[in-house]
Amino acid sequence: MQETSDAIGSLTVGALPGCAPRLLRPGGAVEDLAAYRAAGGYAPLGAPDPLLTEVRHSGLRGRGGAAFPLAVKLTTVRDAWSRGRATVVVANGEEGEPASVKDKWLLRRRPHLVLDGLRLAAAIAGARRAYVYVSDPESARRVDAALTELDTAAVTDVVVELVTVAPGYVAGEETAAIRAIDGGPAKPSDKPPRPFEHGVGGAPTVVSNVETLAHLPFVHRYGGAAFRAVGTDASPGTFLATVTGGDRPAALYELPHGTPVTDLLALHGVSPDAVRGALTGGYFAGMVDRAVLGATLDHESMRGLGGGLGCGAISLLTRECPVAVAAGVLSYFDRENAGQCGSCFNGTAAMAASASALRDGRATMADVERLRRWSVVLRGRGACGTLDGAANTAATLLARFPAEVDAHLGGRCAACGDGIYLAERPFDAQAVLVS
């Protein structure tokens, strides 16, 4: 494990002992084209169909949050290409989730790994145009420099354009990326159609998370079976976990899917006895209590707890009051909603107000019951998942931490006795980033 202190700030970066990293690499320097090619990058493409077969066999799932199988996206868009339609591929690196830094690390440190994955995805999808979509200025600078190197060396014939937008939680949603690339606001649109049906300029489009694409060169070089050599049957391969909390510096770890949470705690230097719960998958999936200590880090295990692995962000609750954390997350959703769907605009505001009142000792049981009802009836409304994320936060707080909720109703929360936990962006991993 190593500490980095330059372009990635105070972020701790490392891999689980015994796990050969596929995405992380030692040293603090940015990997340039020469270094990446010397390590086997930009290998000759070969025929796209066998590569698609290997991607399908690998079981590679999206690392942006939804865990959708990449092969399904690629196959759908490739089928459109085979029918004579122009197609597009987008590397989505906006990473609006405050508790995650994995995509920014890859874009800043290993831009060619991402661009190589984008090249491979474009070849499979039959795309002649591709985009890298980011909001982080330093990531944009690194990608731009890497694209200049590619142009000079004439490594790939895919036309890649860099698109930058203002950062925002909803800006990374796939339809928001499509709207922004087409010159509109970086805000979600109603679905259907999905981008694979009608994307950039109306063309069928693969929108794939940066980390997802970064796994493709491994599959290309070693095959699907090698990719599945670690992980679980349903969640194969390694993934990048952004870990915050526990009175430890933010960290980025590469882990095999299926790693016990207790192994991650040992790596991060946090005693299980100190953990009262966690936010899993960033803000969206909600909160889990101490049951998380018996879980493994894969999609099935996290879903079994009522949470999710999502983008791989794990925020540990130790001294923090879960009620105060939930209030902070809900207030964030209130501020960050796109402001274009009434159910989300009003729903996030109402849930944030109730949770803040509970945190501050001003709520009644009627307020809690309203919060409970909203966490059910508001699901599935709006153009994106922001309202669902808020509902998840409220529902899991009430289901997993009833004692803490009761304590706040009675004005006797021990955790808040020394001061209420207040944060506009709870467990903000991106605060360690510097340019």
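**Entry 1: a strand pair.** I started with V88, which stands opposite R129 in β4. I kept in mind that this is a predicted model. V88 belongs to β3, residues 88-92, and its partner β4 covers residues 129-134. I found five bridges between β3 and β4, and the pairing is parallel.

**Entry 2: the other side of β3.** Next I looked up how many bridges join β3 to β6. The count is five, and these two strands also run parallel. A91 makes a handy landmark here: I see V132 of β4 opposite this residue, and S208 of β6 opposite it too.

**Entry 3: the whole sheet.** I then traced the strand order, which reads β5-β4-β3-β6 in an open sheet of four strands with parallel pairing. Why do β5 and β6 each have one side without a neighbour in the sheet? β5 (159-164) and β6 (205-209) stand at the edges with a single partner strand each, so one side of each stays unpaired. I noted an average twist of 20 degrees from one strand to the next.

**Entry 4: burial of β3.** Are the residues of β3 buried or exposed? I got five of five buried. I split them by face: V88, V90 and N92 are on one side, V89 and A91 on the other, and both faces are covered.

**Entry 5: helices on the sheet.** I checked α6, residues 137-153, and saw that this helix lies across β4 and β5, at about 165 degrees to β5. Helix α7, residues 174-181, packs on the sheet as well, touching β3, β4, β5 and β6. For the direction of α7 against that of β4, I wrote down about 110 degrees.

Note on methods:
Residues numbered from 1 in each chain as written. Predicted model: local features only at pLDDT ≥ 70, side-chain atom pairs only at ≥ 80, totals over all residues. Heavy atoms only, no water. Pairing = 2+ DSSP bridges. Axes fitted to C-alpha atoms, helices over the stretch in contact; angles between N-to-C directions. Contact = heavy atoms within 4.5 Å. Buried < 20%, exposed > 50% of the residue type's maximum accessible area, 1.4 Å probe, protein only.
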